[in-house]
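Thanks for coming. I will go through one model this morning, starting with a strand pair and working outwards from there. Please have a look at the display first.

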Amino acid sequence: MARRDAAAGVARSLFGEGRWLGVGVDGGAATWRRLAWAPGASALPPGGPFDGAVVFLDRGRDAWVPTLGLTAGVLAPGAEMAVVLENAAGGRSFADVVRPMADEVRDGGGRGHARITWVRGWREPLRSLDGAWTETPTPAGPLAALPGTFAMGRVDPGSLLLAEVVPRPAGRLLDLGVGPGFLTRALRGLGEDAVGVDIDAWAVASAARNLPQADIRLGDGLATLRTGERFDVVVSNPPLHVGLERSPTIVKRWREALPEHLATGGVAWFVTPSGVRVDGTEVVARRDGYVVVRFFSPPRRSATR
Ligand SMILES: C[S@@+](CC[C@H](N)C(=O)[O-])C[C@H]1O[C@@H](n2cnc3c(N)ncnc32)[C@H](O)[C@@H]1O
């Protein structure tokens, strides 16, 4: 995380005079965040026009072009975007990727482990995400997805295994890190009596399209749940990265806090790569380098839901 924080610091130092937009980083007149680590995340940027933008991208390459297109769509004519990317996320090759898409692309040099690229005259500014959707055939039917959302264009083998192993659930379902919604779609069709949670506004928009009957929430995992809100079945193919670094922090946090949200007799199911150990769980299946684990609700004196 230290490198990512340093790269965010580089991004913050680039805001210019006038009304600048920060994309994925604050410090300007307005901020656009797709990821709901802080309140106010949204799928689209705030209305402009802005005099410039500082865009802090991450390794989700699929999302680079639509993110820059939407940012360009709220810039004043001639305004510049300062794009910051960690080298490990593709910072060194970024300028070559976007050169054909803009009138002017200038290398702003490296700073620490990040690279700055200045972009002006983006040729296809966007006002909406309407043209960005793709559709992927899955065993649970076609799934629509926005760029940069998990498993766009394919079905993750871990999610496939989890969907096969979990008994078709009775009762209330929670899908933690719902992505475009494959797991809930496989287990619960259009999402009846299901809640899906994701930190990414584009994943939430995708899940809402694929699961029109589900309650889809934008936010940080269990923080989106109400006190005392309980589920009979919880499924998750949990995130294993924080920024660029692999980290089991989130899955550990979810394992510890989930018992509070399981109904009496409730079961939680996770799928992870085989090397990841989740304490206090029982292994129920292995395939293709993935393992499915489960744990049950703790015994309670009075059964409340
Ligand atoms: C491995 S993907 C699984 C997606 C989907 N459930 C599937 O099986 O295809 C993990 C998902 O967790 C989301 N995520 C990451 N951190 C999160 C957090 N703190 N709270 C909620 N969702 C999170 C990511 O945006 C991503 O969509």
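Start with glutamate 80, whose bridge partner in E6 is arginine 120. Before going further: this is a predicted model, in which local features need pLDDT of at least 70 and side-chain atom pairs count only at pLDDT 80 or more, while totals for chains, interfaces and linings use all residues. Residues are numbered from 1 along each chain as its sequence is written. The helices (H or I, at least four residues) and strands (E, at least two) are DSSP runs, numbered from the N terminus.

E4 and E6 run antiparallel and are joined by seven bridges. Two strands count as paired if DSSP finds at least two bridges between them. E5 and E6 are also antiparallel, again with seven bridges, and one of the partnerships there is glycine 110 with arginine 115 in E6. These two strands, E5 and E6, make a hairpin with two residues between them, and glycine 112 in the turn has a positive phi of about 65°.

Now the whole sheet. It is open, has six strands in the order E2-E1-E3-E4-E6-E5, and its pairing is mixed. Which strands stand at the edges? They are E2, residues 30–32, and E5, residues 102–111; each has a single partner strand, so one side of each is left without a neighbour in the sheet. On average, neighbouring strands are turned by 20° against each other, direction ignored. Helix H1, residues 2–12, packs on this sheet and touches E3, E4, E5 and E6, and its direction makes about 155° with that of E4. For such angles, axes are lines fitted to C-alpha atoms, for helices over the stretch in contact, and the angles run from 0 to 180 degrees between N-to-C directions. Contact here is two C-beta atoms, placed from the backbone, within 7 Å.

On the parallel side, E1, residues 20–23, is joined to E3, residues 50–56, by four bridges. Tryptophan 20 has glycine 52 as its bridge partner in E3, and valine 23 has valine 55. E1 also pairs with E2 in the parallel sense, over three bridges, with leucine 21 partnered by alanine 30. Both faces of E1 are covered: Trp20 and Gly22 on one side, Leu21 and Val23 on the other, are all buried. A residue is buried if 20 or more other C-beta atoms lie within 10 Å of its own, exposed if 12 or fewer, and partly exposed in between, with C-beta atoms placed from the backbone.

Next, the cores. A nonpolar core is a set of buried Ala, Val, Leu, Ile, Met, Phe, Trp, Tyr and Cys residues joined through C-beta atoms within 7 Å. The largest has 49 residues, of which Leu162, Val234, Val235 and Trp269 touch the most other members. Helix H6, residues 201–210, gives the most to this core, with six residues. A second, separate core of 38 residues includes Trp20, Leu57, Ala63 and Val74.

Back to valine 235: beyond four places in sequence, its contacts are Leu162, Val166, Asp175, Leu183, Leu187 and Trp269. Leu162 is in helix H4, residues 157–165, where Gly158, Ser159, Leu160, Leu162 and Ala163 are buried. Their cover includes H5 and strands E12, E15 and E17.

Two charged residues deserve a mention. Arginine 294, in strand E17, is buried, with 20 other C-beta atoms within 10 Å. Beyond four places in sequence, arginine 294 touches Val267, Ala268, Trp269, Thr281, Glu282 and Val284. Aspartate 200 sits in the loop between E10 and H6 and is buried, with 25 other C-beta atoms within 10 Å. With the same sequence neighbours left out, aspartate 200 touches Arg34, Leu35 and Thr149. The C-alpha atoms of aspartate 200 and leucine 35 are 4.6 Å apart, although their positions lie 165 residues apart in sequence terms.

Last, the ligand. How many residues surround it? The number is 19, and the closest are Phe150, Ser159, Gly177, Gly179 and Pro239. Helix H5, residues 182–188, and strand E10, residues 194–198, each supply at least two residues of this shell. By type, the shell divides into 10 nonpolar, five polar and four charged residues.

Conventions: Near = placed C-beta within 6 Å. Nonpolar A, V, L, I, M, F, W, Y, C, P; charged D, E, K, R; others polar.
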